[in-house]
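Here is a short report for a reader meeting this structure for the first time. Look over the sequence and the model, then read on.

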Amino acid sequence: MSDKVKVTIDGISIEVEPGTSILNAARQIGGDIVPPAMCYYSKLQGSGGKCRTCLVKVSKGSEKDPRPMPKLVASCRTTVMEGMEVQNITSSEVLEARKGVVEMLLINHPLDCPICDQAGECHLQDLSYEHGTESTRYEFERRTFDRIDIGDKIQLHMTRCILCYRCVYVADQITDNRVHGILGRGDAAEISTYIEKAIENDFSGNVIDVCPVGALTDKTFRFKNRVWFTKPVDAHRDCPKCSGKVTLWYKGEDVIRVTARKDEYGEAEEFICNDCRFETKKTSDWVIEGPRRISPHSVISANHYEQLNPPSVIRTNPALLESNKEEFERITRL
Amino acid sequence: MGRKLLLENINVPGINTFEVYRQKGGYRAVEKALKSMSPEDVVEEVKKSGLRGRGGAGFPTGMKWSFLAKPEGKPRYLVCNGDESEPGTFKDRYLMTYIPHLLIEGMIVSSYALGANTSYIYVRGEMMPQIRILEKAIAEAKNAGLLGKNILGSGYDLELYVQPGGGAYICGEETALIESLEGKRGNPRIKPPFPAISGLYNCPTVVNNVESIAATVPIINDGADEYAKMGIGRSTGTKLISASGNLNKPGVYEIELGVSVEEFIYSDEYCGGIANGKRMKAVVAGGSSVPILPANLILKTANGENRLITYESLADGGFATGTMLGSGGFVVFDEDQCIVRNTWNYSRFYHHESCGQCSPCREGTGWMEKVLHRLEYGHGKLSDIDLLVDVSKKIEGNTICPLGDAAAWPVASAIRHFRDEFEWHVTHPDEAMQRNYGLAHYADPLPKPEGVTAN
Ligand SMILES: Cc1cc2nc3c(=O)[nH]c(=O)nc-3n(C[C@H](O)[C@H](O)[C@H](O)COP(=O)(O)O)c2cc1C
Ligand code: SF4
Ligand code: SF4
Ligand code: FES
């Protein structure tokens, strides 16, 4: 007998390790049934639960206790139970709630994509596209902030922040001497460094990578180009501080940005140090591995290389192949 | 006269001092529990009493205690929730101020039951006088050998501390309270794990309201059966009610659960009726977060029975026609009060107090407040009313902690029962604008959050 746990999401079953969250179980299945996530970040301990974009309906609690859960739950922070049945895109209640969450997130987030450096890589942009409505019902003044530089390499534009806390977890977990956190409460809360201190730490640049929106940006890259015109390439170097595995973003012959490599959910595979990110922008500093695989969902993939590469559970299971059919077709059309 | 348990001796001169409290039979429950009962016996007794948490949710206290994990080598904690920030609720402060030793005694008995050797009373930071009172009471109890090492020779040790709170409503939510006690920002934690498994410093922890803890004293003194004889059905014992608003005699009352709402409001034993001979318009029965009910529905349930002050009777009919006992903050409005203004006022509070972790609460509470503000001042539209209902639905049930619900329910229920009043504000903008409650300064445009610059 296996000690794996069977969970069914939108009618598709999968067996996962005990302790797996609903979100991660869904990610193992892949495709359209994966709930969106704005605050969860698998590499950051304790993240998730906040943005509420990943809400799902548990229509059957478990084999032992089949009662449905009374409220929608955050899939990123709810552990699967044997026999659990979950509805994501098959529940109108979930889609309705998600629409609500997107509307809330956009209240104090300016849709300034045309002038935002994160355009094309912004999770909120994707989320609004998939779950948002065309117009807003909010008619009040929105909160705005002046941009501040936190150190010479990172700029914070709080106006765009959605308070996902990811950068706070990075500052807490992978930099020492934390000076970065949240001040204030409710919609007056803001990300700040201790009396506008710089974050001076070898790994501080990772706050930029985890920010799902354009609130934290790389000052060495700002306004150099739109991402979809750049050419991403995987490369590595022998680095004494980190793995040295990065993505280089080229404009013509020049490396204009260096980031961590991100997986299909936009999460850094490994965090990188500031030397790799900011100081080594010559091709000769790097060993080039080849073109970067960009999620076919992303606008960056336009004019680039990849087709959908389904995870192995999908490739081997006829039912999953069938349920992802629409997605395969959409991708092939592109 | 209804029987009283917690406030039985409240009018005895000097009951706030150790000597008088002791003379009146104080600390008998400690002696009884530590000398003649095992911790399990105490838990059993509290379970049998049917006591339900008096902090708002009404969860059975004994059951909560029995969920406490008992791992070897890890301390367990009891934390008393004296944050008391719910608008309309002021009973715990009353108890802490005037009969502090009852709380200390309850803390000793409850800590013993849970096997906690360090316990905390977390008191709202603004309540400095109460913090001083409790500190003095703790020192007195310690001098008398009722706290510290080897209490009354029983071999049981307990250190008790008072911790001033962070001064935010959210710090009353049990997991935010724990975070705050640990010295962090008072953000609610995501549950599970529940505090009974992983609470303060990741150790098993019980968080209980002041009144719940105080109630363990009469339960141990007189026995669970005696306690359970009071009240009705699953609402046993007595309850402190903080009554405020347009009443002849506002104040803190101890009632036997099961007193009818009508008797509570109109009898001379309690609130003595509505002030100035006015009629009653509405009641918020359990602190600002519970749904408001119009006079007819608070006095009678939907099928015409007398509404009683019990968990069940107040909730009868669900939110369509009922409400909740909550923390027992009874706010009574007379016919002259404006429901829209009050709803806006509550909404202002929840907007201000949202911790800001989850998007629906962080953004939605502010949105509701602003829409209510313009409705109240006659700038609203009819569609605003449905907008409010919709926004409240988008918040309700979709957040980490119940503050989201607490912000949504007052708005949704006020519109459910008093929609015509909201519409009046839209159809009579001039009259709405001209009403002045002597609070003209509130009519200023909304203050901006800090950090806001011009667009
Ligand atoms: C936003 C919020 C504020 C709360 N404030 C208080 C409070 O001030 N005092 C209190 O006893 N419980 C408060 N509670 C309830 C506590 O979370 C917890 O349920 C209670 O302290 C448990 O004690 P009990 O079981 O004895 O009722 C609050 C809950 C929420 C969601
Ligand atoms: S700055 Fe970015 S990463 Fe940090 S909380 Fe805001 S949105 Fe999240
Ligand atoms: S519901 Fe509101 S108060 Fe509670 S965690 Fe979410 S933002 Fe904070
Ligand atoms: S991703 Fe689950 S709540 Fe944000």
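## Where chain B meets chain A

Across the interface of chain B and chain A, the rule finds six salt bridges. One pairs Glu353(B) with Arg185(A), and their closest N and O atoms are 3.4 Å apart. Keep in mind that this is a predicted model.

Polar contacts cross the interface too. There are 18 residue pairs of this kind, with both residues at pLDDT 80 or more. On the side of chain B that touches chain A, three elements give two or more residues: helix 15 (339-353), helix 16 (359-376) and helix 17 (382-395) of chain B. Helix 16 of chain B supplies the largest share, 10 residues. By class, this side of chain B has 14 nonpolar, 16 polar and 12 charged residues.

In terms of contacts, 42 residues of chain B meet 38 residues of chain A. Interface size is often expressed as the accessible area lost when the parts come together. Here the area buried between chain B and chain A is about 3,400 Å². Carbon and sulfur atoms give 50% of that area.

## Chain A

Chain A contains nine helices and 14 strands. The chain has 334 residues, and buried residues make up 56% of them. Consider contacts in chain A between residues at least 6 apart in sequence: 63% of these join residues at least 24 apart.

## Two ligand shells

Ligand 2 is surrounded by residues of chain A, among them Cys161(A), Cys164(A), Cys167(A) and Cys211(A). Ile162(A), Leu163(A), Tyr165(A) and Pro212(A) also belong to this shell. Around ligand 3 there are 13 residues. Those that come nearest are Cys355(B), Gln357(B), Cys358(B), Cys361(B) and Cys401(B).

The table gives the residue classes for each shell.

| Shell | Nonpolar | Polar | Charged |
|---|---|---|---|
| Ligand 2 | 12 residues | no residues | no residues |
| Ligand 3 | eight residues | five residues | no residues |

## A buried glutamate in chain B

Glu211(B) lies in helix 9 (residues 210-222) of chain B. Is Glu211(B) buried or exposed? Its relative accessible area is 0%, so Glu211(B) counts as buried.

The side chain of Glu211(B) has polar partners. One polar contact goes to the side chain of Lys91(B), at 2.8 Å. Another goes to the side chain of Lys239(B), at 2.8 Å. Leaving out residues up to four places away in sequence, Glu211(B) also touches Leu6(B), Arg54(B), Asp92(B), Thr238(B) and Leu240(B), among others.

Key
Residues are numbered from 1 along each chain as its sequence is written. Chains are lettered from A and ligands numbered from 1 in the order in which they are written. This is a predicted model: local features need pLDDT of at least 70, side-chain atom pairs count only at pLDDT 80 or more; totals for chains, interfaces and linings use all residues. Side-chain values use heavy atoms; hydrogens and water are left out. A residue is near a molecule or strand if one of its heavy atoms lies within 4 Å of it. Ala, Val, Leu, Ile, Met, Phe, Trp, Tyr, Cys and Pro count as nonpolar, Asp, Glu, Lys and Arg as charged, and the others, Gly among them, as polar. Contact means heavy atoms within 4.5 Å. Buried area is the accessible area (1.4 Å probe) that two parts lose on being put together, summed over both. A salt bridge is a side-chain nitrogen of Lys or Arg within 4 Å of a carboxyl oxygen of Asp or Glu. A polar contact is a pair of N or O atoms within 3.5 Å; within protein, one must be able to donate a hydrogen and the other to accept it, and residues adjacent in sequence count only if both atoms are side-chain atoms. Helices (H or I, at least four residues) and strands (E, at least two) are DSSP runs, numbered from the N terminus. Buried means under 20% relative accessible area, exposed over 50%, partly exposed in between (1.4 Å probe, protein chains only).
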